[in-house]
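Subject: A structure for you to look at

Hello,

Here is the structure I promised to pass on. Please open it and keep it beside you as you read the notes underneath.

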Amino acid sequence: MYIWVILATFLAILASYTLSVRPDMRELSVARMAEAALGRLVVQHEAALNYVKYNKYPYSASRDKVDYAPGIISDGDLLAEMPYGHSLDGQYTSKIFCMNQDMTVAFGNAGAENPCDVADNRKMVVTYGPIPTRWLSLSSAMERPNTDFLNALWNMVSSGEEFGYMLPALASDVHVSVENPSASNVQLATRPGAELVFVPKAVVEDADFKSVCDLEENFVCLVYMSGI
């Protein structure tokens with residue numbers, strides 16, 4: 001009898017090494033991995049916003065002029081604004097857009113005047129890139145994040161942020177409105193219940209953006225937009 005008690009105790013000890021301590025252990029570990037993957041984009045976008053912040057008044061010489069211009073923010077400028085220990089893997093691009101009022105045209109920096117100095121122009125930083133392959137849903141014909149990645153997305157980004165993945169806009173929404181001044185046909189899937197967010201037509205038709213993010217080619221991207 002004593003031998004059976006010892007054997008039962010031994011088997012119980014072995015079982016304790018194979019059973020998960022918590023029934024939701026997989027969910028927790030996968031969520032952390034998804035948040036780490038998504039964090040690369042979030043950190044880069046925050047660095048891009050810091051770059052803009054420190055290149056305008058009161059850090060620039062003039063209240064009426066900025067020291068940034070339309071275009072892709074260089075890796076060097078982004079790295080200078082990133083927290084210690086972070087690096088760039090080339091998966092995402094951060095670009096400054098200076099556009100007309102209805103955001104149908106993005107101005108370059110070829111003229112004598114920097115279009116980002118024009119008070120009436122709309123200015124925006126956009127960070128974009130493909131959904132990481134590891135986190136693509138296998139149940140959707142069009143590229144979209146899986147549930148784990150979506151949960152991480154909603155957990156990491158505050159309500160009201162213009163951050164999500166691209167979707168074709170409903171035909172009924174493709175018209176000039178307060179939410180969609182450029183009548184864009186691309187919107188962002190954002191936090192459930194949030195207001196509709198549209199990617200401005202000037203961004204959608206930008207050559208750099210379109211080479212990576214083009215719904216007509218099923219190139220679905222994560223997009224983070226912030227007005228500046």
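Below is what I found, starting with confidence and then turning to one residue and a few strands.

Please keep in mind that this is a predicted model. The chain has a mean pLDDT of 86, with 86% of its residues at 70 or more. Confidence varies along the chain: among its elements, strand β2 (residues 93–99) has the highest mean pLDDT, 98, while helix α1 (residues 2–18) has the lowest, 52. Where pLDDT is low, the predicted coordinates should not be read in detail.

A good residue to begin with is Thr127, which you will find in strand β3 (residues 122–130). Is Thr127 buried or exposed? Thr127 counts as buried because its relative accessibility is 0%, and the cut-off for buried is under 20%. The side chain of Thr127 makes a polar contact of 2.8 Å with the side chain of Ser94. Leaving aside residues up to four places away in sequence, Thr127 also touches several others, including Leu41, Gln44, His45, Tyr92 and Val223.

Val223 leads on to the strand pairings. This residue is in β7 and stands opposite Gly164. Strand β7 (residues 221–227) pairs with strand β4 (residues 162–168) in the antiparallel sense, over four bridges. Strand β4 is also joined to strand β5 (residues 186–189), again by four bridges and running antiparallel. In that pairing, Met166 stands opposite Leu188 in β5.

I hope this helps you find your way around.

Best wishes

How values were computed: Residues are numbered from 1 along each chain as its sequence is written. This is a predicted model: local features need pLDDT of at least 70, side-chain atom pairs count only at pLDDT 80 or more; totals for chains, interfaces and linings use all residues. Side-chain values use heavy atoms; hydrogens and water are left out. pLDDT is the predictor's confidence in each residue, from 0 to 100. Helices (H or I, at least four residues) and strands (E, at least two) are DSSP runs, numbered from the N terminus. Buried means under 20% relative accessible area, exposed over 50%, partly exposed in between (1.4 Å probe, protein chains only). A polar contact is a pair of N or O atoms within 3.5 Å; within protein, one must be able to donate a hydrogen and the other to accept it, and residues adjacent in sequence count only if both atoms are side-chain atoms. Contact means heavy atoms within 4.5 Å. Two strands pair if DSSP finds at least two bridges between them.
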